[in-house]
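Visitor: I am new to this structure and would like a close look at a single part of it. Could you take me to one helix and the loop that comes after it?

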Amino acid sequence: MIPQSPWARRLVYEMVYAWPGSRQATTFNVGLAPVDAEILTDPALAGDAFQLQLYAELFSLAGLDAEAWRRSAVIEVAAGCGGGLLYLSRRYRPRSAIGVDASAVAAWRGRRLGIDLRQSDATRLPFEDRRFDCLVCVDALNYFPEAEFMSEAIRVLKLSGRLLLADSSPTFADARARFQRLARLGGLAVDTLRDVSEGARRSLRERSPRAARAVAWVPPFLRRRVREMLSVEGSERYRRWQTGEHCFAMAVLSRQAVES
C-alpha cells in the first residue's frame, strides 16, 4: 500500500516515477473499461488507455459543451505525469491546462510531454485567487487533509467553477458521504454523482498482465508495495476490488447546484 506519511509517500512516488518500467506511463489510477475508440486509436493516448478512459468519463460529467471547454482554465491537482491533461488538451482544447504534483520527477516528465506541470503541494497551490474554471483531482483525495484541500480548491476556483473529483471508497454510500462532506466544506453542492466501480474492476482485470510486467522493473525491496499500489492480480487490493470491497465513484461539485 501507499504510505500515509507525506515524506514516505513522496519518496515512494519519486521512485515509481523514476523507475524504468513506468517510463511510458503518464498517469496512475485504477482506470475504466471499456475504452473509447478515440483513445485506442490515438498513439499519444493509447499507452494509458484504461487510465485515460477514467478521465474521459469524468470530463463528460462536467456539463460543459465544446465552446465552454475552449473558454476554460483547468487545473489538475495530483496530476502525475500529466496524462489526464494531455487527453483534455487533445479532446477539448481548453484555454489553459495546468497540473501540479508533489513529485519533482512527475512534474519533469510532464513538461517533457509539453504539459504545464509544476511541483507543488495540493494544500498550497501557487496560483492567484479565482483563476480556474475547473479543478480536477483523480484517485488522490485519500492523501490530502480534506479541509485544507477544499480551502485551496475554493480559493483558486472562480465563483462559477466546478470541482471534478474521482476516487475510491469502501462503498458507494461512503463515496456519497465523502463528496457531500467536501461540498459542504467548500459551500458547494454535489451536482452529479456516479458509481463506476464495475468499469474499474474490469480495467484492473484487463490491464493486470501489463502491470505485472512493469513491476519486474521495480527494485526487489519495493515490489510488494508497488504490486499493491497498482492492484496487480494476486495482490490484496486486487482481491478487494474484484470482490466488491472497493467502490470507485466520481462527482461534480458546483455552486450552481447550490443555487438550483
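Guide: Gladly! Let us begin with helix α10, where Pro220 and Arg224 are exposed on one side. Here "exposed" means over 50% relative accessible area, "buried" means under 20%, and "partly exposed" is in between, using a 1.4 Å probe and protein chains only. Helices are DSSP runs of H or I with at least four residues, strands are runs of E with at least two, and both are numbered from the N terminus. Before going further, please keep in mind that this is a predicted model, where local features need pLDDT of at least 70 and side-chain atom pairs count only at pLDDT 80 or more, while totals for chains, interfaces and linings use all residues. Residues are numbered from 1 along each chain as its sequence is written, and side-chain values use heavy atoms, with hydrogens and water left out.

Now turn to the other side of α10, which spans residues 220-229: its buried residues are Leu222, Val226, Glu228 and Met229. Viewed down the helix axis, these buried residues fall within an arc of 155°, so they line one face of α10. That arc is taken from the directions that run from the helix axis to the C-beta atoms. A general rule helps here: an α-helix has 3.6 residues a turn, so residues three or four places apart point the same way.

Just past the helix comes Ser231, in the loop between α10 and α11. Its phi is positive, about 55°, although Ser231 is not a glycine. As a rule, most residues other than glycine have a negative phi, and most peptide bonds are trans. Ser231 is also buried, with a relative accessible area of 2%.

Arg93 makes a good companion to Ser231, since Arg93 too is not a glycine and has a positive phi of about 55°. Arg93 sits in the loop between α5 and β2 (96-101). At 59% relative accessibility, however, Arg93 counts as exposed.

One more backbone feature is worth a stop: Ala33 and Pro34 are joined by a cis peptide bond, with omega about 0°. You will find Pro34 in the loop between α1 (6-18) and α2 (37-40).
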